[in-house]
Amino acid sequence: MTDAPEHRRSRRTADVVGILEPNPYPLVAIAVAVVSVVVLTIIGFFLGTVDLGLSKAFNELHVGALGAFTTAVYHVISPVPAIALTFVVAGIIWWRARDIRPALGFGMTIAITWLPSAAVKEIVHRARPDVALLPHPFPVQPDPGYPSGHTVYITAFVIALVWVVRETRWHRLAQVLGVVAIVVVFLSVSIDAVHYPTDAAASVLWALAVTPAARVVWVDWVMPKVPILRPREGAAVPVRR
C-alpha cells in the first residue's frame, strides 16, 4: 500500500517540473532564435512611422475606464513590478516542487528572453509614437520603442508558466488565460500608444522564437553543469507523455 503522505508529496513535486523536460531538438531551437533575432532586428530599422495611423486609431480608444485600465496594465508590468512578479511566482513554484530547479528554470528562461530585447531597442533605436500627434498622449517615455519590453516579458512569462504546469490539470487553463494576457498587454501598449502596434507584434514573435532557446541554454545546458542544480537522488523527473 502506498504511503499516503509520501504519495501526496511525490504528486506535489511532480506536477510542477514540466519546464525541466529536455528539448528533443535543441539546435533547432537555437537556430530559430538566432535567425529570428537577426531578422526582427533588421526589420526594425525599416519600420519608421509606417503604422502611425494605426497608433492614432488605437489611441482614440484611450478614454474613460478603458484608458485607465490600459494605463494600469502598462504600469503593473513595468520592469520593477514585473521582476517582483517573477520572483513571487518562482517562489511559489519552488515551494510547490520542493525543488529550486523548476523555479530557476522558470525565472531564468524569462530573463534570458527578456533582457536581450533591451539591447536591440538601443541598436534599432526606433522612436515611439510622437505624443504631439496623438489624441490622448501618454507621458513621454525616455527609451526607444522597438521591441516592446512589456510584450516580450508577458509572452515569455506565459510560455514559461505553461511549460511549468504542462503535466497538470492547469495546463489548458494556463494556455487560455496566457493568450488572453498577451492580447491584453498587446492592446494596452497600443492603446496607450507607448508603442507602435508593430513594436508589440514583433515582441510577441521575439518571445515565441527566443523563449525555447533560452530554456535550452539555461535548463538543458547550464543547469546540469552546476553541481547544486543537478537532479537530486529521488527528485522528480519529468516524463514526456
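Here is a chat between a visitor and a guide about this predicted model.

Visitor: Which helix gives the largest share of the nonpolar patch on the surface?

Guide: The patch is formed by V34, V38, I42, F45, F46 and I123, and together they have about 630 Å² of accessible area. Of these, 5 residues come from one helix, the one spanning residues 26-47. That largest share belongs to helix α2.

Visitor: Is F46 buried or exposed?

Guide: F46 sits in helix α2 and is one of the residues in the nonpolar patch. The cut-off for exposed is over 50% relative accessible area. F46 has a relative accessible area of 68%, so it counts as exposed.

Visitor: How do α3 and α8 lie relative to each other?

Guide: Two packed helices are described by the angle between their axes and the distance between the axes. For helix α3 (residues 52-59) and helix α8 (residues 171-191), the axes come within 8 Å and cross at roughly 100 degrees. That makes α3, relative to α8, roughly perpendicular.

Visitor: Which residues in α8 do S55, F58 and N59 meet?

Guide: S55, F58 and N59 are the α3 side of this contact. On the α8 side, their partners are L187, S190 and I191.

Visitor: And what about α4 against α8, roughly parallel or roughly perpendicular?

Guide: The axes of helix α4 (residues 64-76) and α8 come within 9 Å and cross at roughly 110 degrees. Angles of 65 to 115 degrees fall in a single class. So α4 is, relative to α8, roughly perpendicular.

Visitor: Which α8 residues take part in the contact with α4?

Guide: From α4, the residues involved are L66, F69, T70, V73 and Y74. I191 is on the α8 side here, and I191 also appears in the contact with α3. The α8 residues meeting α4 are V184, V185, S188, V189 and I191.

Visitor: Is H150 buried or exposed?

Guide: H150 is found in helix α7 (residues 149-164). Setting aside residues up to four places away in sequence, H150 touches Y74, I77, S78, V185 and V189. Its relative accessibility is 9%, and under 20% is the cut-off, so H150 counts as buried.

Visitor: How many residues apart in sequence are the parts tied together by R126 and D51?

Guide: The side chains of R126 and D51 meet in a salt bridge, 2.9 Å from N to O. R126 lies in the loop between α6 (100-124) and α7, while D51 lies in the loop between α2 and α3, so the pair ties together parts whose separation in sequence is 75 residues.

Visitor: Which residue joins D51 and R126 in a network of salt bridges?

Guide: The structure holds 7 salt bridges. R126 and D51 are both buried. The residue linked with them in a network is D199.

Visitor: Where is D143, the partner of K121?

Guide: K121 and D143 meet through their side chains in a salt bridge, 2.9 Å from N to O. The pair links distant parts of the chain, 22 residues apart, with K121 in helix α6 and D143 in the loop between α6 and α7.

Visitor: Is D143 buried or partly exposed?

Guide: K121, at 10% relative accessibility, counts as buried. Buried means under 20%, and exposed means over 50%. D143 comes in at 28% relative accessibility, so D143 counts as partly exposed.

Visitor: What relative accessible area does R128 have?

Guide: R128 and D143 meet in a salt bridge between their side chains, 2.7 Å from N to O. Both lie in the loop between α6 and α7, so the pair ties together parts 15 residues apart in sequence. R128 is buried, and its relative accessible area is 13%.

Visitor: How far apart in space are E122 and D143, C-alpha to C-alpha?

Guide: E122 is found in helix α6 and is partly exposed, with a relative accessible area of 46%. E122 and D143 are 21 residues apart in sequence, and C-alpha to C-alpha their separation in space is 8.0 Å.

Visitor: What distance separates the C-alpha atoms of L161 and I19?

Guide: L161 lies in helix α7 and counts as partly exposed at 27% relative accessibility. Not counting residues up to four places away in sequence, L161 touches V89 and F106. L161 and I19 are 142 residues apart along the chain, and their C-alpha atoms are separated by 8.2 Å.

How values were computed
Residues numbered from 1 in each chain as written. Predicted model: local features only at pLDDT ≥ 70, side-chain atom pairs only at ≥ 80, totals over all residues. Heavy atoms only, no water. Patch = residues over 30% accessible without salt bridge, like charges linked within 9 Å, V, L, I, M, F, W, Y side chains within 5 Å. Areas by Shrake-Rupley, 256 points an atom, 1.4 Å probe, with all protein chains shown as cover. Salt bridge = Lys/Arg side-chain N within 4 Å of Asp/Glu carboxyl O. Helix = DSSP H or I, 4+ residues; strand = E, 2+ residues; numbered from the N terminus. Buried < 20%, exposed > 50% of the residue type's maximum accessible area, 1.4 Å probe, protein only. Axes fitted to C-alpha atoms, helices over the stretch in contact; angles between N-to-C directions. Parallel < 35°, antiparallel > 145°, perpendicular 65-115°, else oblique. Contact = heavy atoms within 4.5 Å.
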